[in-house]
Amino acid sequence: DSGILPETSVGDRVETGVAGAEFTLTPEEGKTFADGSEKITFTSGKEAEVIEGKLIGGDSYTLTETKAPEGSMALTEAAPELYSVTFKVDVYGVIWGLKDDAEADGVMLTYDAASDRMTFWNEPTALTVFKRDMAALGSGDDPILAGCTFAVTGRFAAGRYPWNVSVQGTGGRETIQMTTDGSDTAENALKGRLIVGETYHMEEISAPSGYELGMDVTFTVTGVRKNVDGKAALVIELSGESGAEGNQGYWISYDASGNPVITQRDEPVEVRFQKTDMEGRPLAGAGFSVTGRFADGSGEETRTFETDSQGRVDLTKILIESQGDSDMIYRVRETKAPSG
């Protein structure tokens, strides 16, 4: 007798069975199961699928995953053999040909000989989202921006990771919010949630301080392909994409392993003013105070500035854009006139 645990997602190794995977179990050519049938098909549930009283000692069997559950990736259409495993049952009912913990034909497979339990581990779907500074494009200093919140709306697979927070919508659609933290961990909010064949809308609802609101994009998860590591990776397409960069400053790229990345470059909030004489000649040395909330501050404060040789004060990336019901209001006051 063999207990076959339905596949779960690799990575954090969620131990609860993932429902919706479809499997086919077949005997070696010319053989049947004990009841005379030539094939057993089943769909995974939360508990292990038990195959009892049907395997014959001395025969070999092949277990093939024919469909991955929603939120997981499989290469079954392009290469069915990647999700197949063959094993033999001896006359004592002991399974041979499986290692205790090995990668079989490109799939993570664990096998517990004491309980005759096989577990298949699929890669969860995942997508990385980067937010970068448009002004830093082409420079040597191009950090990932933190503090940007995205809302992604669509039909998602059931959550099985603790950091997934979704807001129930209507018609089977939900919205998941995620906030960038200056690294690539924003992908965790969508880990195991995207479904192949579904279309999603991603909108930036809160920009990093000092930057304008940017991304408003629709993308479709069109399929799965093998990345450079030989593992499954999503293929996505942006609506309205034009060349390498989209019309609104976003584009798809792929990381070193061949996994998809959506990058959005935010325009900084640009505010400049200039002090001149009545003939328009720039005046240096004029002092100004600006009162309000600043991008690198925690609350309302007053900061002082002085005009440069061109009579200018540059507040780029310092002021915060009004968003939603939150208006950013600033008071500018001249505190020192230029000489003369």
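## The chain at a glance

Of the 340 residues in this chain, 43% count as buried, meaning under 20% relative accessible area with a 1.4 Å probe and protein chains only, while exposed is over 50% and partly exposed lies in between. What you have here is a predicted model, where local features need pLDDT of at least 70, side-chain atom pairs count only at pLDDT 80 or more, and totals for chains, interfaces and linings use all residues. Residues are numbered from 1 along each chain as its sequence is written, and side-chain values use heavy atoms, with hydrogens and water left out.

The chain has 25 strands and zero helices. Both are DSSP runs numbered from the N terminus: strands are E with at least two residues, helices H or I with at least four. About 17,000 Å² of the chain is exposed, and carbon and sulfur atoms supply 45% of that; the areas come from the Shrake-Rupley method with a 1.4 Å probe, and for residues only the protein chains shown count as cover.

## An open sheet

Now for a sheet: five strands line up in the order 3-2-5-7-8, with antiparallel pairing, and the sheet is open. Two strands pair if DSSP finds at least two bridges between them. Strand 3 (40-43) and strand 8 (95-96) stand at the edges with a single partner strand each, so one side of each has no neighbour in the sheet.

Further in, strand 2 (residues 22-27) pairs with strand 5 (residues 60-67) over six bridges, in the antiparallel sense. Look for Pro-27, which stands opposite Tyr-61 in strand 5.

## Strands 16, 17 and 18

Strand 17 (residues 216-226) pairs with strand 16 (residues 199-206) over five bridges, again antiparallel. Here Glu-203 stands opposite Asp-216 in strand 17.

Strand 17 also pairs with strand 18 (residues 232-238), antiparallel and over seven bridges. Arg-225 has Ala-233 in strand 18 as its bridge partner. These two strands form a hairpin with five residues between them, and Gly-230 in the turn has a positive phi of about 80°.

## Two nonpolar cores

The largest nonpolar core has 25 residues, and Met-202 and Phe-219 have the most contacts inside it. Such a core is a set of buried Ala, Val, Leu, Ile, Met, Phe, Trp, Tyr and Cys residues joined through side-chain atoms within 4.5 Å. Strand 18 gives this core its largest share, four residues.

Leaving aside neighbours within four places in sequence, Met-202 is in contact (heavy atoms within 4.5 Å) with residues including Phe-150, Met-178 and Phe-219. A second, separate core of 18 residues includes Ala-21, Ile-51, Val-85 and Phe-120.
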